[in-house]
Amino acid sequence: MSNCSPAHSCFTRGPRSYERQTFATDPVAAIDEGAVRSAVARLNGSERPLLLVGMDANEDAVAAPLRRLAEKLSVPVMVSPKAKGIFREDHPLFLGTIEGLGTAYLYDYIDTCDLVLMVGFDPVEFDRDWTARARIVHIGVVPNDDRYYGSEVEIVGPIDIALERLSASADPKPKLAPDEIRACRDAFVARLRPSSALLTPQQVLAELRAALPEDALVTCDVGYNKAVSAQCWPSYLPRTFFLSNGLSSMGYGLPAALGLKMAEPSRQVACVLGDGGFAMSMAELETGVRLGLGVRVIVLADDALSQIRASQERKRYPVTGTTFGAIDYEKLGAAFGIEARTVTTLAECRDAFRAAPRDRPVVVAARIDPSAYRIG
């Protein structure tokens, strides 16, 4: 028999076959009770705490303990884009998604907090330096070795168990009045819905949400479509919203949706793309047809790489290389043998989303007002 580490599986070769040996993985280290006590002391002593939840927490097992802790203490919740769904976005304690549309408003709120429970955050999820002065309790499966944010206390271990310990030990005194949280949320939501005589991306997402079940799987691409989807797509269940973060490569949304449909054929799948990202990956429609993958492909069409164009305009550069001619989506759909239509009104949107695709993708190109992206 060959020697092998307990952390690995190994094969021993006999004359005619391989013998596989498997070993149990190392047990998870116990949560440090001293760290839990220190975190509880800071939580009990705080007046304006916040739960800020990242991608390492986006697991089914974490959702209930997170909700119980938030509700017991009346603590508002923000999430990162990769953690969408871990806390229902129609819950009265939910405030919003950082690094989505209008994120500056949320960071202004963070600046008013005296304690942040940083739950399952990876530094790649931040799009800016962390400057808030609030004390921080780090809760995660790994230590806060990156020190992207300074933490006074670290609870390292299974996140669901850590949250359960905090909830069980914390003083049940409510931290913030429901009226204050509601007013903050209502003001933010109003800011996210600019008035326009034309169709807005926010309206397109609202109609799509109404057409899909809560367990539908949704991806987005990169650009302003990512910013608006991260903030304005309501997620209700863990691991139902997918996006490219960190490197944030354009062209992710459509192939990601096709992969999800292959993995979960019984669930409805949709992707939200800008027309630039769609043009980079539209050949994958053939893959969807060939493999019989019925996904909704929603294109927010404005004939521009709008986020890059906006950056050029902010810096007073000439608008160069960020606009292009319109795509004839109906002819494109015919070339791939799929249904494709262009919509310009809410009623047309609603009608286009009514029926779920069956054995091939369906493209809905929504002609939107790009000024609705620019809310600060």
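These are my notebook entries on cysteines, a covered helix, a cavity and one threonine in a predicted model.

**Entry 1: cysteines**

I began with the cysteines, having reminded myself that a disulfide is a covalent bond between the sulfur atoms of two cysteines. My search of the whole structure turned up zero disulfides. For Cys-184, which is in no disulfide, I looked up the nearest cysteine sulfur and found that of Cys-113, at 9.0 Å. I then asked myself whether Cys-184 is buried or exposed. Cys-184 has a relative accessible area of 14%, and because buried means under 20%, I wrote it down as buried.

I went on to Cys-220, whose closest cysteine sulfur belongs to Cys-271. The two sulfur atoms are 9.8 Å apart, which is too far for a bond, because a disulfide needs them within 2.5 Å. Cys-220 is also buried, with a relative accessibility of 0%.

**Entry 2: helix H7**

Next I turned to helix H7, which runs over residues 224–232, and asked how many of its residues are buried. The count came to nine of nine, so I noted the helix as mostly covered, following the cut-off of under 20%. The buried residues include Lys-226 as well as Val-228, and Ala-230 and Gln-231 are also among them.

**Entry 3: Thr-97 and its neighbours**

I picked Thr-97, which sits in strand S5, residues 94–97. Its relative accessibility is 0%, and I therefore recorded Thr-97 as buried. Which backbone oxygen does the side chain of Thr-97 reach? I found that it reaches the one of Ala-230, at 3.2 Å, and Ala-230 is one of the buried residues of H7. Leaving out residues up to four places away in sequence, I listed what Thr-97 touches: Val-79, Ser-80, Pro-81, Lys-84, Glu-89, Leu-106, Ala-230 and Gln-231.

**Entry 4: the cavity**

Last, I looked for enclosed space, keeping in mind that rolling a probe the size of a water molecule over the atoms shows where empty space is left. Across the whole structure I found one cavity of 30 Å³ or more, and the volume of the largest cavity is about 40 Å³. Its lining is made by Arg-296, Ile-298, Ala-352, Phe-353, Ala-355, Pro-357, Val-362 and Val-364. I checked which elements give two or more residues to this lining, and they are strand S12 (296–301) and strand S14 (362–367). Sorting the lining by class, I noted seven nonpolar residues, no polar ones and one charged residue.

Definitions and conventions. Residues are numbered from 1 along each chain as its sequence is written. This is a predicted model: local features need pLDDT of at least 70, side-chain atom pairs count only at pLDDT 80 or more; totals for chains, interfaces and linings use all residues. Side-chain values use heavy atoms; hydrogens and water are left out. Buried means under 20% relative accessible area, exposed over 50%, partly exposed in between (1.4 Å probe, protein chains only). Helices (H or I, at least four residues) and strands (E, at least two) are DSSP runs, numbered from the N terminus. On a 1 Å grid over the protein atoms alone, a cavity is a set of points where a 1.4 Å probe fits but cannot get out, and a pocket is an open set with protein on both sides within 12 Å along at least five of seven lines; lining residues have an atom within 4 Å of a point. Grid points are joined across faces, edges and corners, and a volume is the space filled by probe spheres set on the points. Ala, Val, Leu, Ile, Met, Phe, Trp, Tyr, Cys and Pro count as nonpolar, Asp, Glu, Lys and Arg as charged, and the others, Gly among them, as polar. A polar contact is a pair of N or O atoms within 3.5 Å; within protein, one must be able to donate a hydrogen and the other to accept it, and residues adjacent in sequence count only if both atoms are side-chain atoms. Contact means heavy atoms within 4.5 Å.
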